[in-house]
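Let's walk through this model together, beginning at the ligand and then stepping out to the protein's own side chains.

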Amino acid sequence: MRVALYPGSFDPITLGHLDVIERASKLFDRLIIAVATNTKKAPYINASARIDLIKACTQHLKNVDVTEFNGLTIQFAKASQAQVIIRGLRAVSDFEFEFKMSQMNKSLDSSIETLFMMAGLDYQFLSSSLVKEVAQFGGDISKAVPAPVAEYLKQHHPPPALAP
Ligand code: ADP
């Protein structure tokens with residue numbers, strides 16, 4: 001059984017992430033989306049809501065599971081019996097960080113391969129942080145995130161009322 005792990009903060013999941021998930025789910029028997037809970041950044045959306053949102057956005061994909069994890073990704077991949085770690089690569093911005101990370105992971109456990117998937121053309125400049133920035137001030141993020149995320153942000157992080 002070919003198992004892949006797609007780790008990330010997903011704070012929140014965007015259409016760019018979902019595109020990678022849909023493409024990767026076709027390549028593996030099982031795809032585990034692992035939501036990191038021990039990042040240095042304070043999360044905008046708490047871990048259980050991030051997980052629920054990913055589940056809502058991936059319910060059409062029968063071989064996809066969503067779980068949270070903390071600690072080293074490579075150890076979690078091993079414990080999950082994944083042979084592959086999936087990461088997304090956007091134009092220019094991700095390369096250096098992802099390259100370093102994959103080299104480090106290789107040195108920690110050479111039996112697990114990192115597989116990079118290029119971001120879809122429409123999502124090259126899309127990031128969770130941009131989404132948060134725009135949503136925070138009431139901008140339209142419906143072309144950047146799946147519908148359940150847009151709805152969640154509207155309800156839980158409404159923009160402040162504009163001063164007259
Ligand atoms: P992390 O904090 O681990 O970088 P993210 O949720 O920001 O978590 O990203 C998880 C993975 O998804 C990373 O490999 C990142 O490069 C990738 N990714 C982020 N945004 C996009 C996008 N728009 N298209 C494709 N991949 C993306």
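How far is an oxygen atom of the ligand from an N or O atom in the side chain of Asp-94? In this predicted model, the separation is 3.4 Å. The protein buries 88% of the 540 Å² that the ligand exposes when taken alone.

Two further polar contacts are worth finding on your screen. At Gly-88, the partner is a polar backbone atom, which lies 2.7 Å from an oxygen atom of the ligand. At His-17, the side chain takes part instead: one of its N or O atoms is 3.2 Å from a ligand oxygen.

Now zoom out a little to see the surroundings. The ligand sits in the largest pocket, and 17 residues surround the ligand. Gly-88 appears again here, since the closest of these residues are Tyr-6, Ser-9, Phe-10, Gly-88 and Leu-126. By character, the shell divides into seven nonpolar, five polar and five charged residues. If you trace the secondary structure, you will find that strand S1 (3-8), helix H1 (15-27) and strand S4 (84-89) each contribute at least two residues to this shell.

Helix H1 deserves a second look for a contact within the protein itself. The side chains of Asp-19 and Arg-23 form a salt bridge there, with 2.9 Å from N to O. Because these two residues are four apart in helix H1, about one helical turn separates Asp-19 from Arg-23. Counting across the model, with a cut-off of 4 Å between the charged groups' nitrogen and oxygen atoms, gives nine salt bridges.

Definitions and conventions:
Residues are numbered from 1 along each chain as its sequence is written. This is a predicted model: local features need pLDDT of at least 70, side-chain atom pairs count only at pLDDT 80 or more; totals for chains, interfaces and linings use all residues. Side-chain values use heavy atoms; hydrogens and water are left out. A residue is near a molecule or strand if one of its heavy atoms lies within 4 Å of it. A polar contact is a pair of N or O atoms within 3.5 Å; within protein, one must be able to donate a hydrogen and the other to accept it, and residues adjacent in sequence count only if both atoms are side-chain atoms. Accessible areas come from the Shrake-Rupley method with a 1.4 Å probe; for residues, only the protein chains shown count as cover. On a 1 Å grid over the protein atoms alone, a cavity is a set of points where a 1.4 Å probe fits but cannot get out, and a pocket is an open set with protein on both sides within 12 Å along at least five of seven lines; lining residues have an atom within 4 Å of a point. A molecule sits in a cavity or pocket if more than half of its atoms lie within 2 Å of its grid points. Ala, Val, Leu, Ile, Met, Phe, Trp, Tyr, Cys and Pro count as nonpolar, Asp, Glu, Lys and Arg as charged, and the others, Gly among them, as polar.
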